[in-house]
Amino acid sequence: MRRQQLHALLAASAATLCLGGLLAACGGASGSGYVAVGAVGSVPGEDPTKAVPPTGKVVLVPLDGNGAPSGTPKGTDSPAGKPPAAGGGTGGSRDTDSPAGSGTASAPGSGSGSGSGSGHTGGAGSTGGTGSAGGTGGNTAAPTPVTPPQPPTPATLSVSAPKLADASQRWCEKVTVQFRNTGGSPASSGTATFATHIIGALGVDWATIESAQPLPGPIAAGAAKTKTYTVCVDSWRVPLGMHIDTRSVTASWK
């Protein structure tokens, strides 16, 4: 009976030592491992006297097909019990040859771009947006339409009332007239026509005789010229006691 109890005690101690070794190889849930030295519950420097059950919570970690605890990175050379490198996770290894999601994007507004990613977490680069056209430098006022020059208006002559004066013969008289060009073109040449009346001794208007003389041209546009003409009729038309009277002057020009 005592031999069976001793064998049971030794078997329990061996199981406890194996479980402690596995826990030391796998590490805790936080990634920090430990190594059990001596039997559970033993006092340092003394031989174990009895098996003491663990006082903390025991976590059993299942083994994968390679005999390593699940969650341990595959292909790592770090010894058991050492924490993983800073920034390392429990997932698969990351490709560090090229940055994840690296890509080349065109400048804003160019409208083109490309991107390429490598590794497990790299994303494709975003394409550049289509840029809008720039301003023309402010609002430009519409140019004022240029009106083509109008052709000049033709010459237009106005004739003043004649001023009369006696000449040396009774069938002649001096007539002073002003010609003013109110048009837009010069009057290069023309004719002045005089209407001369023959007046009897008792004031009877016996006849009207017309005569013509050249204009004092050329007369520029907007200009005026004054000229004194000597106007005569046939002498036999004005017998003794009669006289002439030039009452109107007209003009024609070109």
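A disulfide, as I use the word here, is a pair of cysteine sulfur atoms within 2.5 Å. Please keep in mind that what we are looking at is a predicted model.

With that rule in hand, the count for this structure comes to one disulfide, and the residues that it joins are Cys-172 and Cys-232, whose sulfur atoms sit 1.9 Å apart. The two cysteines are 60 residues apart, with Cys-172 in strand 5 and Cys-232 in strand 8, which covers residues 224-232, so the pair links distant parts of the chain. As for the geometry, the link between Cys-172 and Cys-232 is right-handed, with 115 degrees about the S-S bond.

Are the two ends of this link buried or exposed? Cys-172 has a relative accessible area of 8% and is therefore buried, since buried means under 20%, whereas Cys-232, at 36% relative accessibility, counts as partly exposed.

Let me now stay with strand 5, which runs over residues 172-181, and turn to Asn-181, which also has its place there. Asn-181 is buried, because its relative accessible area is 1%. What lies around Asn-181? If we leave aside residues up to four places away in sequence, Asn-181 touches Ala-155, Thr-156 and Leu-157, then Pro-186 and Ala-187, and then Ile-219, Ala-220, Ala-221, Gly-222 and Ala-223. For one of these, Ile-219, we can be more specific, in that its backbone oxygen lies 3.1 Å from a polar atom of the Asn-181 side chain.

Definitions and conventions: Residues numbered from 1 in each chain as written. Predicted model: local features only at pLDDT ≥ 70, side-chain atom pairs only at ≥ 80, totals over all residues. Heavy atoms only, no water. Helix = DSSP H or I, 4+ residues; strand = E, 2+ residues; numbered from the N terminus. Buried < 20%, exposed > 50% of the residue type's maximum accessible area, 1.4 Å probe, protein only. Polar contact = N/O pair within 3.5 Å; in protein donor to acceptor, adjacent residues only side chain to side chain. Contact = heavy atoms within 4.5 Å.
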